[in-house]
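I opened this notebook to record what I looked up in one structure, entry by entry. The notes below follow the order in which I went through the elements.

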Amino acid sequence: MKIAVLGGSGFVGRVLTQKLLDAGHRVRIVSRGPLEQSSTCEVVVSDPYDPVQRRECVRGQDAVINLVGILQGDADSFHRVHAELAEGLAQACLEESVGTFLHMSALHADPQGASMYLRSKGIGAERVHALANENLRVVSFHPSVIFGTKDNFLNQFATLLRYSPGMMMLPGYKARFAPVYVGDVADAFVRALDDATMQPRISLCGPQDYSLQELVELTAQWSGHKRLIVPMPNIVARMVASMMQLLPNPPLSHDNLDSMRVDSVCTANDARQPTSLESVAPGYLGKH
């Protein structure tokens with residue numbers, strides 16, 4: 001199959017692109033800025049927010065995969081990226097007779113969600129599924145936090161721990177996650193290309209649930225930066241977030257705290273992905 005991937009240069013995108021190539025697919029990476037040219041896949045510089053360029057970048061493809069997302073921003077930014085772009089891409093697929101649209105959402109994305117992130121992801125998922133018909137199959141994926149060698153979750157905590165003086169205060173310590181391995185997430189996307197019977201909305205969770213405090217304590221152990229992890233009261237966390245979100249690339253914002261009010265874990269009816277945190281994370285966190 002010929003497959004266009006938006007967000008292909010990101011953490012999940014790099015792993016997914018390689019798996020698509022290994023499976024024999026022809027991959028087009030769509031990027032808004034220049035990327036290093038590849039001998040194994042086509043690289044197209046295009047602005048997917050422009051309707052004309054958006055149609056051009058999906059034209060002639062059998063499937064389009066949307067991995068584009070942000071973790072920080074204001075309400076307009078979240079809506080533009082997670083809702084308007086997603087809907088525009090699905091519409092372009094219809095206009096260009098692309099048969100399959102695979103979309104990255106988030107676990108418990110909900111138009112009425114607790115945060116701008118979850119609300120915009122929820123609106124985006126609803127809009128792309130509303131465009132599904134006999135000519136366009138839409139599948140959305142809803143992962144918990146994704147871990148892997150280049151992740152920006154456990155690696156970020158390992159870095160913070162490294163420079164913490166004996167202890168680290170932790171906001172959102174009660175929040176619960178079901179970390180899912182990036183390779184398992186990529187495998188789910190690849191399977192969806194061939195399996196027309198797959199459910200249209202797929203939750204993706206790893207085999208075990210953890211509190212954020214437990215995850216940071218494991219990160220401290222595996223990275224060799226053992227520290228005392230001190231729970232940060234919510235009122236203090238929001239004060240810290242008020243200062244941090246003024247930074248260009250803030251590690252914490254009010255919206256992050258709002259997202260963590262909803263536990264990012266699967267229901268009892270959701271299938272779990274096989275790869276455990278313990279089988280992968282110590283190997284790459286040990287390099288910090």
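**Entry 1, the strand pairings.** I began with strand β2, residues 26-31, and found that four bridges join β2 to β3, the two strands running parallel. Within this pairing I noted that Val 30 stands opposite Val 44 of β3. Before going further I wrote down that I am working on a predicted model. I then turned to the pairing of β1 with β2, where I counted five bridges, again with the strands running parallel, and where Ala 4 stands opposite Arg 28 of β2. I also looked up how far β2 is covered, and five of its six residues turned out to be buried.

**Entry 2, the whole sheet.** Following these pairings outward, I arrived at an open sheet of seven strands in the order β3-β2-β1-β4-β5-β6-β11, with parallel pairing. The edges are formed by β3 (42-45) and β11 (201-204), each of which pairs on one side only. I looked up the turn between neighbouring strands of this sheet as well, which on average comes to 20 degrees with direction ignored. Helix α2, residues 51-58, lies across β1 (2-6), β2 and β4 (63-66), and I noted that α2 runs at about 160 degrees to β2.

**Entry 3, Ile 65.** I picked Ile 65 as a residue to follow in strand β4. Is Ile 65 buried or exposed? With a relative accessible area of 0%, Ile 65 is buried. Leaving aside neighbours within four places in sequence, I listed the contacts of Ile 65 as Ile 3, Ala 4, Val 5, Leu 6, Leu 16, Leu 20, Leu 102 and Phe 189. For a distance across the model I took Ile 65 and Lys 174, which are 109 residues apart in sequence and 33 Å apart in space, C-alpha to C-alpha.

**Entry 4, the cores.** Next I looked up the largest nonpolar core, which has 31 residues, and in which Leu 154, Leu 212, Val 216 and Leu 277 touch the most other members. The elements that contribute two or more residues to this core are α5 (154-162), β8 (167-170), α7 (212-223), α8 (234-244) and α10 (281-285). Of these, α7 gives the most, with six residues. I followed Val 216 in particular and, not counting residues up to four places away in sequence, found that Val 216 touches Phe 157, Leu 161, Met 168, Leu 170 and Ile 229. There is also a second, separate core of 30 residues, which includes Phe 11, Leu 16, Ile 65 and Leu 102.

**Entry 5, α5 against α7.** I then asked at what angle the axes of α5 and α7 cross. They cross at roughly 65 degrees and come within 9 Å, so I recorded the two helices as roughly perpendicular to each other. The crossing in which α5 passes α7 is right-handed. On the side of α5 the contact is made by Leu 154, Phe 157, Ala 158 and Leu 161, and on the side of α7 by Leu 212, Val 216, Thr 219, Ala 220 and Ser 223.

**Entry 6, α3 against α4.** For α3 and α4 I found axes that come within 8 Å and cross at roughly 15 degrees, which makes α3 roughly parallel to α4. Here too the crossing of α3 past α4 is right-handed. Among the residues of α3 in this contact I noted Phe 78, His 82 and Glu 87, and among those of α4 that they meet as a group, Tyr 117, Lys 121 and Arg 127.

**Entry 7, three loop residues.** Ser 97 has a positive phi of about 60 degrees although it is not a glycine, and I located Ser 97 in the loop between α3 (75-95) and β5 (100-104). Its relative accessibility is 64%, so Ser 97 counts as exposed. His 108, in the loop between β5 and α4 (116-130), likewise has a positive phi, of about 65 degrees, without being a glycine, and at a relative accessible area of 33% His 108 is partly exposed. Last I looked up Ser 264, in the loop between α9 (254-259) and α10. At 12% relative accessibility Ser 264 counts as buried, and, neighbours within four places in sequence left aside, Ser 264 is in contact with Leu 107, His 108, Ser 144, Val 145, Arg 176, Phe 177 and Ala 178.

Methods:
Residues are numbered from 1 along each chain as its sequence is written. This is a predicted model: local features need pLDDT of at least 70, side-chain atom pairs count only at pLDDT 80 or more; totals for chains, interfaces and linings use all residues. Side-chain values use heavy atoms; hydrogens and water are left out. A nonpolar core is a set of buried Ala, Val, Leu, Ile, Met, Phe, Trp, Tyr and Cys residues joined through side-chain atoms within 4.5 Å. Buried means under 20% relative accessible area, exposed over 50%, partly exposed in between (1.4 Å probe, protein chains only). Contact means heavy atoms within 4.5 Å. Two strands pair if DSSP finds at least two bridges between them. Axes are lines fitted to C-alpha atoms, for helices over the stretch in contact, and angles run from 0 to 180 degrees between N-to-C directions. Angles under 35 degrees count as roughly parallel, over 145 as roughly antiparallel, 65 to 115 as roughly perpendicular and the rest as oblique. A crossing is left-handed if the near helix is turned anticlockwise from the far one by less than a right angle, and right-handed if clockwise.
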